[in-house]
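Hi,

Here is the structure I promised to pass on. Have a look at it first, and then read my notes below.

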Amino acid sequence: MTDFLVIAGTYERLLYGLSGDSNNQSLAPAFIYPAHISCITALDATKRFLATGSTDEHVKLYDLKIRKEIGTLMHHSGTITALRFIGNQHLITGSQDGTIGIVRTSDWEHLKSLTGHNGPILAFDAHPSGKVLLSVGKDQTLKCWDLSRAVCSFSMKLSQVPTKVYWSNDGTHFAVFFDKLIQIHCLETGEIVAKLQQQNRINSGTFVTLTMDNLEHQVLVFGGEDKILRILNLKGELIASWMSGHEYRIKDMAFLESTTLLSTCSSDGTVFVWDLQKY
């Protein structure tokens, strides 16, 4: 029985689907597909659809139920750097051309391009409500977009070039990643409530909801060049860390919604799945 699907893209333009069985604690190949003509740089999925982006400047669309490619989006003129589905209604796309696209999933029409970053889009994430988007760019700014009006509601100059941005699952906090630094902000005040400096580059992270002392807590899991997975609370305290077992850097990670399962992938070509509640 397949409990979940892990999907990963590679520099060799191949798209891998791995079906997971939590009872047998195993991953098995579900599909392998040459998705693009060059390396895959971004992807995101819902239960129904999968979107992948590449240095070929295209976004490919797939129906996961029938395992079939259903279209291509070509509204960007640079490498695709970020993709995010918002519910089942919209897909958000980001590119090195400095624009953020809003695409309607019912007919895959490109509705709007958000402009304002003076350089490549590096990452973005949508608030759990689906109404607000945070984006970070090579122009060293963090921007907040009102998606209902498709306008930028505020812009913040950062101390250095950011690499990632993530919302907490309850929407009360967000984290901004830099090369070797993490800052956690409170949404209500906008203030930085936690900072963590690392010796090695941080490549990826995600917020996860864990139960501790019979209470739910928002924690941030992250990893990078040192191959160690760490869990940070909203006070900036490291509450757990362990060697990932990857031979090379942790390249990316994702969690399965409504669970405590986390998947990590590495430049060594391995994919692992963790139950964070055990840590």
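Aspartate 125 is buried, at 10% relative accessible area (buried means under 20%, exposed over 50%, partly exposed in between, with a 1.4 Å probe and protein chains only). Its salt-bridge partner is arginine 84, at 3.1 Å from N to O (a salt bridge is a side-chain nitrogen of Lys or Arg within 4 Å of a carboxyl oxygen of Asp or Glu). Arginine 84 counts as partly exposed because its relative accessibility is 23%. The pair links distant parts of the chain, with arginine 84 in strand 8 and aspartate 125 in strand 12, 41 residues apart.

Before you go on: this is a predicted model, where local features need pLDDT of at least 70 and side-chain atom pairs count only at pLDDT 80 or more, while totals for chains, interfaces and linings use all residues. Residues are numbered from 1 along each chain as its sequence is written, and side-chain values use heavy atoms, leaving out hydrogens and water.

How many salt bridges are there by this rule? The count is 10. Another one joins glutamate 109 to arginine 104, at 2.6 Å from N to O. Glutamate 109 is partly exposed at 39%, and so is arginine 104, at 29%. Then there is arginine 149 with aspartate 146, at 3.0 Å from N to O; here arginine 149 is exposed at 58%, whereas aspartate 146 is buried at 18%. Salt bridges with shared partners also join Asp44, Arg84 and Asp125 into one network.

Now for the strands (DSSP runs of E, at least two residues, numbered from the N terminus). Strands 8-9-10-11, in that order, make an open sheet with antiparallel pairing (two strands pair if DSSP finds at least two bridges between them). Strands 8 and 11 are the edges, each pairing on one side only. Between strands 9 and 10 there are 5 bridges, and threonine 93 has glycine 101 in strand 10 as its bridge partner.

Last, the empty space. The second largest pocket (on a 1 Å grid over the protein atoms alone, an open set of points with protein on both sides within 12 Å along at least five of seven lines; lining residues have an atom within 4 Å of a point) has a volume of about 260 Å³, counted as the space filled by probe spheres set on the points, which are joined across faces, edges and corners. Strand 26 gives the most to its lining, with 4 residues.

Cheers

Notes
1 Å grid on protein atoms, 1.4 Å probe; cavity = no way out; pocket = protein on both sides within 12 Å on 5 of 7 lines; lining within 4 Å.
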